[in-house]
Amino acid sequence: MTPRTRLCAALCLVLAACVHDPYDDAREKDTPDAYQQFLRAHPAEHGSSEAHARLAQLRFAEARQAHTVLGYKRFLEDFPDSEEAPDALKLLESLRFAAAQSVGSAQAWRDFLRDHPDGAHATQARTALDDVSWKQAQASTTAAAMREYLAHFPESVHRAEAERVVDDRAYAESRAAGNKGLLDYLEHSPNGAHRDEARGQLSAQEAEALADGGDLAGAYALAERVHGPEAEPLMQRLAQRELAEVAAALDPTALRQLASRRPQVATAANELAKKIEHDGKTKALRAQLAHLDPLEFGRPPEELVRALDAPDPRDRWLAAEELGALGAQSAYEKLVDVAADARFEELRLRAFAALQQLVARTGKDAAAVDARSRLEKLRRMASSPRMYLKIAIVEELAGMRVEALADYQRCLRGDAADLLALRRLLELEPPGFERAVAARRLAVTVIDEITAHTSAEGDPPLLASRWLCGVAHDADAAQTALAKLPETVAKDAPEDMSAFRARAREAQAQAHARLSDAEDAARAEQRTHVACEADDVLPRIQDGVKARLAAVAALAAAKSELAQYPLRQVARRDPSAEVRQAALQALAPPNTPISRR
């Protein structure tokens with residue numbers, strides 16, 4: 001080697017000795033800060049992988065020393081792919097599991113499972129969550145809470161017990177909700193343990209509804225089919241009702257006959273019979289009983305039912321009016337048919353009004369019970385707008401407003417335009433824009449129907465006048481509804497409301513003008529023609545109310561303990577709300593607030 005070569009080699013060795021390796025510096029210090037500084041300065045140079053791995057080891061050691069949830073979480077965020085990550089995750093899970101155990105709440109276990117759904121402690125956590133949730137569901141009082149538990153834990157070891165509790169709670173809630181609740185229970189729990197009890201309750205309610213309507217024979221016949229714990233109390237209640245019916249006649253012979261066939265009230269019936277026989281005021285009290293009969297100034301219900309098919313539509317709607325005024329429950333079915341199927345709107349309107357009077361007499365609860373069997377039959381046959389109209393009528397009378405609204409709307413799908421359905425929608429909609437829309441729709445339909453019925457090929461004058469009478473009342477109802485709407489509705493839709501009111505005024509004007517024309521033409525053809533607004537039933541009904549009020553006053557003035565029996569019957573059964581109220585007032589002690597129920 002020449003001197004020159006040796007010099008170059010030596011120089012290279014010196015230069016090599018002077019080259020600085022940053023990774024060696026970090027490795028020599030072997031601290032997290034040293035490795036982090038190296039990686040920030042030399043992220044992709046020699047030793048970066050080794051430095052990252054060593055940094056993970058050191059940070060994991062720190063996390064283990066601290067042994068906190070926060071420490072392990074930070075490590076996993078910084079080194080998710082490190083060799084230490086699985087161990088860090090296990091340690092984090094253990095800490096969280098211990099924390100959830102310490103809290104012991106359902107939310108704590110849910111939080112744990114959200115973060116570690118497949119962890120080593122997941123099975124234990126699910127079992128613990130099931131146990132805590134089960135205790136919470138048991139502590140609750142509703143069937144809904146237990147159903148929610150079952151939805152979240154379908155494979156729970158408590159499933160059988162939970163299903164039993166759901167059934168028990170659902171039945172208890174259904175009983176508290178009355179007739180509709182029991183129907184819902186049978187619909188949603190067809191295999192429930194309480195289904196026989198529910199059916200018995202429904203039959204008992206139906207029997208009492210029949211009794212409230214005056215059909216004691218039908219009530220007893222239905223009660224005979226009720227078994228179990230409901231049977232005996234039901235027969236006792238029916239016997240008490242029958243005793244009240246018989247006692248109202250103040251007839252000792254009838255009371256003794258009742259005692260012989262109804263042991264439940266035998267003692268009370270016999271004692272009352274003796275009182276009646278020995279009371280000096282009995283004769284005077286009996287003299288008033290005939291005046292308490294609504295039929296004293298009315299026609300027999302069976303005659304009125306036949307009159308619903310009379311040739312003149314006016315005779316039909318007067319018969320419907322009288323049936324309602326007399327409280328003829330036996331005509332309910334026929335009146336529903338007339339309201340739904342009759343051609344003449346006034347007849348349909350008065351049939352519906354009569355049905356409302358019948359329901360007012362028996363009460364909404366009895367109407368709801370009575371509606372159950374009727375609706376079951378109607379729904380099985382429902383396939384046409386007319387059938388849905390009958391369903392809607394029965395639902396509304398039973399107080400099922402939401403269901404009735406839906407079925408009235410169903411009657412009007414497509415091009416259907418039933419005036420009674422539209423009128424009922426108008427009455428049922430709340431006083432807002434929906435009612436305004438219903439009023440407009442009724443007014444438009446009135447105009448269309450008038451055009452159809454008063455054309456050259458329309459009805460003869462007599463029938464046209466009868467048909468237009470009801471249509472005029474519908475037009476009046478549309479106009480009145482729009483006039484009574486709150487001003488806020490008009491402010492929210494001023495252009496719509498102006499157009500709606502203009503259409504209603506047009507319908508009202510047309511209806512009354514065409515009615516006047518038709519009645520003039522009918523009088524020209526038949527001098528004895530009676531206008532549709534003439535009502536020779538109402539005066540008779542009013543005379544009957546006056547007579548019954550006078551009889552109630554006479555019974556009250558008699559100051560006899562026996563007067564309470566006919567007065568109670570009047571308070572329960574009289575078709576007139578005014579007479580019922582007077583009887584209640586006569587029965588009440590002085591200065592006592594009066595309530596029918």
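**Exercise 1. The disulfide**

Task: Determine how many disulfides the whole structure contains, which residues form the bond, and what parts of the chain the pair ties together.

Solution.
1. A search of the whole structure, which is a predicted model, finds one disulfide.
2. The partners are Cys 469 and Cys 532, with an S to S distance of 2.4 Å; the cut-off for a disulfide is 2.5 Å.
3. Cys 469 belongs to helix 27 (residues 461-484), while Cys 532 sits in the loop between helix 29 (494-525) and helix 30 (538-557), so the bond ties together parts 63 residues apart in sequence.
4. The torsion about the S-S bond is about 90 degrees, and the disulfide of Cys 469 and Cys 532 is therefore right-handed.

**Exercise 2. Burial of cysteines**

Task: Classify Cys 469 and Cys 532 as buried or exposed, and explain why Cys 411 counts as buried.

Solution.
1. The criterion for a buried residue is a relative accessible area under 20%.
2. Cys 469 and Cys 532 are both buried.
3. Cys 411 counts as buried because its relative accessibility is 3%.

**Exercise 3. The largest cavity**

Task: Establish how many cavities of 30 Å³ or more are present, then describe the volume and lining of the largest cavity.

Solution.
1. Rolling a probe the size of a water molecule over the atoms reveals where empty space is left.
2. The count is one cavity of 30 Å³ or more.
3. The volume of the largest cavity is about 40 Å³.
4. Its lining consists of Pro 294, Phe 297, Ala 325, Leu 326, Arg 540, Ile 541, Gly 544 and Arg 548.
5. Sorted by class, this lining comprises five nonpolar, one polar and two charged residues.
6. Helix 19 (313-326) and helix 30 each contribute at least two lining residues.
7. Helix 30 gives the most to the lining, with four residues.

**Exercise 4. Helix 19**

Task: Compare the span of helix 19 with the expected value, state how many of its residues are buried, and describe which residue caps its N-terminal end and which residue follows the helix.

Solution.
1. Helix 19 has 14 residues, and the distance from its first C-alpha to its last is 20 Å.
2. This span of helix 19 is close to the 20 Å expected at 1.5 Å a residue.
3. Of the 14 residues in helix 19, 13 are buried, and the helix is mostly covered.
4. At the N-terminal end, Asp 312 acts as the cap of helix 19: one of its side-chain oxygens lies 2.9 Å from the backbone nitrogen of Arg 314.
5. Gly 327 follows helix 19 and has a positive phi, near 65 degrees.

Terms used:
Residues are numbered from 1 along each chain as its sequence is written. This is a predicted model: local features need pLDDT of at least 70, side-chain atom pairs count only at pLDDT 80 or more; totals for chains, interfaces and linings use all residues. Side-chain values use heavy atoms; hydrogens and water are left out. Buried means under 20% relative accessible area, exposed over 50%, partly exposed in between (1.4 Å probe, protein chains only). On a 1 Å grid over the protein atoms alone, a cavity is a set of points where a 1.4 Å probe fits but cannot get out, and a pocket is an open set with protein on both sides within 12 Å along at least five of seven lines; lining residues have an atom within 4 Å of a point. Grid points are joined across faces, edges and corners, and a volume is the space filled by probe spheres set on the points. Ala, Val, Leu, Ile, Met, Phe, Trp, Tyr, Cys and Pro count as nonpolar, Asp, Glu, Lys and Arg as charged, and the others, Gly among them, as polar. The expected span of a helix is 1.5 Å times one less than its number of residues. A polar contact is a pair of N or O atoms within 3.5 Å; within protein, one must be able to donate a hydrogen and the other to accept it, and residues adjacent in sequence count only if both atoms are side-chain atoms.
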